[in-house]
Amino acid sequence: MSSVVNKAGETNSVEKAFSAEDIRKDFPILHQQVNGHPLVYLDNAATTQKPQAVIDTLTTYYTQYNSNVHRGAHALSDRATVAFENARKTVAGFLNANKVEEVIWTRGTTEAINLVAYSWARHNLKAGDQLLVSWLEHHSNIVPWQMAAEASGAEVIGMPVTEAGDIDLAALKELLNPRVKLVALNHVSNALGTVNPLEDIIPLVKAETPAVVMVDGAQALAHYPVDVQKLACDFYAFSGHKLFGPTGIGALWGREDLLEAMPPWQGGGEMIERVSFAGTTFNTLPFKFEAGTPDIAGAIAQAAAIDYLQALDREAVIAHENELLAYSLELAQGFPRLHKIGTAKKVAAVFSFNLDGAHPADVGMLLDQQGVAVRTGHHCAQPIMERFGIPGTVRASYSIYNTRDDVKRLFSALEKVQGFL
Ligand code: 7TS
C-alpha cells in the first residue's frame, strides 16, 4: 500500500485520499436499480462506464460544433479540427509517444491490430517466418496473425503459459530465434488479469530476434500508466471504451519509422495527397492510415476521458483496485466450491473464477437477477480456456468506481447462487 505524509507530518494511506465513493458520483449510469436491486457493475473489462464529463463532451460537440474535420471551409469545421487534433495530442501525451503523428485513430484495439496485421505483416512476412503469439491473447490478437500467416506462408506459434497464468519465460526463451519476425502479446490479460512483465519480455525478444513487438493494451490503460518509449515496444493498441471513453474509438501507437515504411491499408478520402487515374499519392502520417471521416466526437470525448483519469492519483487507483482484489480473495475463502482461475505473479483488477458443479453462464444469470453484472464464458480468449481445460469462467472486473461494498454484494449474491445450484 502506498502512503503519503500530510502537512502535519502524519502518514496516511493513499486509499484514504482516494475516494471511490466520490468517483461514483461522476458516473450517472451506476445509480440505478437492476432487477430490483441497486446495480453492482463488475464488467469493466468488457467496457467501462462513462463519467459525466465524457457524456457532456459528446453533447457539446453535437449541439455546438458538429462538423467534418480537415476541410477548413468554415468556423465549425475549424473548431472540430482543432479539438480532434488536440485529442490526438492528448493520446500521444498519455502514452508518452515520441511524436503525435505516431497516433493513428482506429475503431478500437481490434481495428488497430488488424491495421498492423494487414499493412505491416503482409508486406514484411514471407514463408518460413515465425510469429509468436501468447496463449493469453484475446481473439483479436490471434486471428489477424493467423490471417497474415496464411497470406504469407509464415507460421503462428503459441507462447506457452504456466499453470499460474503467466507467460512461461523459460519456454519463450527457447522459442526465440532469428526467424521470429513478430511477437504479439497483451499487457494485461482480459480473461485472467495477468499483467505481463513487458519490461523483461521485450528486451529478451529484441536481444534474440529481429521481431517487432505488438502489444495489446486494451486492458492495461485504465489501470496502469504506460510509457511506450520506456517499454520499447513497436506497436501499442487500445480501445477508448475500456478507458472511460465512447465505443467506436481507439488508437494504434506505432514507431514512426515502421509506420512510415508501411503502405496504407484502406483507401478513400483523407488518406490521399492527390488522386488521379494516372496514379494516386498518399497523405503523410497519421492520415495515411485514416481513410474516411473519422469518429470525431468519439476522439474528442476520448481525450476528455483521459483527462478525467489523469486528474486522479494513479498510484491510489492501483492501490484501490489491488485492495478490491485482496478483499475478493479474502471473501472467497468462505467458498470451498470457488476456484480462482489464474494466480499470476501480478494481476490487474480481474477476479476470474468457477464454482464447482455450476456452469459459468448459470452463475452469471443468477448474479444478474440480484443486480450484479459480471461476464461469463470464454471472454473471447478460447486458447487460454483450453490451456486450463475449462469452457469458461465467471469474471468480476473492477474499476475506479467499485467499492468494498460492491465486492461484498458479489459474494453475498454468490452465497445465494450456491444455495440455488
Ligand atoms: N484485447 C483485449 C485484451 C481485450 O480484452 C479486448 C476486449 C480486445 C482486445 C478487443 O477490444 P475491442 O474494443 O476492439 O473489441 N475484451 C472484452 C472482454 O474481455 N469482454 O468483452 C470484451
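**Exercise 1. Decide whether H241 is buried or exposed, and describe its surroundings.**

Solution. H241 has a relative accessible area of 16%, so H241 is buried; buried means under 20% relative accessible area, exposed over 50%, and partly exposed in between (1.4 Å probe, protein chains only). The model is predicted: local features need pLDDT of at least 70, side-chain atom pairs count only at pLDDT 80 or more, and totals for chains, interfaces and linings use all residues. Residues are numbered from 1 along each chain as its sequence is written, and side-chain values use heavy atoms, with hydrogens and water left out.

Next, place the residue. H241 sits in the loop between strand 11 (235-239) and strand 12 (250-254). Helices (H or I, at least four residues) and strands (E, at least two) are DSSP runs, numbered from the N terminus.

Last, list its contacts (heavy atoms within 4.5 Å). Leaving aside neighbours within four places in sequence, H241 touches A46, T47, T48, K50, P246, T247, I249 and Q302.

**Exercise 2. Find which residues of the largest nonpolar core touch the most other members, and say where this core lies.**

Solution. A nonpolar core is a set of buried Ala, Val, Leu, Ile, Met, Phe, Trp, Tyr and Cys residues joined through side-chain atoms within 4.5 Å. The largest one has 84 residues, and V183, L185, C233, Y236, I384 and I400 touch the most other members. Helix 11 (residues 296-310) gives the largest share, 11 residues. Domain 1 (34-46 + 313-420) and domain 2 (75-309) both contribute residues, so the core lies between them; the domain bounds come from an automatic or database domain assignment.

Now take one member. Apart from neighbours within four places in sequence, C233 is in contact with I202, V213, V215, V228, W253 and R255.

**Exercise 3. State which polar side-chain atoms lie 2.6 Å and 2.8 Å from an oxygen atom of the ligand.**

Solution. For T110 the distance from a polar side-chain atom to a ligand oxygen atom is 2.6 Å. For N190 the corresponding distance is 2.8 Å. A polar contact here is a pair of N or O atoms within 3.5 Å; within protein, one must be able to donate a hydrogen and the other to accept it, and residues adjacent in sequence count only if both atoms are side-chain atoms.

**Exercise 4. Identify where E270 lies and whether E270 is buried or exposed.**

Solution. E270 is in the loop between helix 10 (256-261) and strand 13 (272-274). Its relative accessibility is 14%, so E270 counts as buried. The phi of E270 is near 75°, a positive value in a residue other than glycine.
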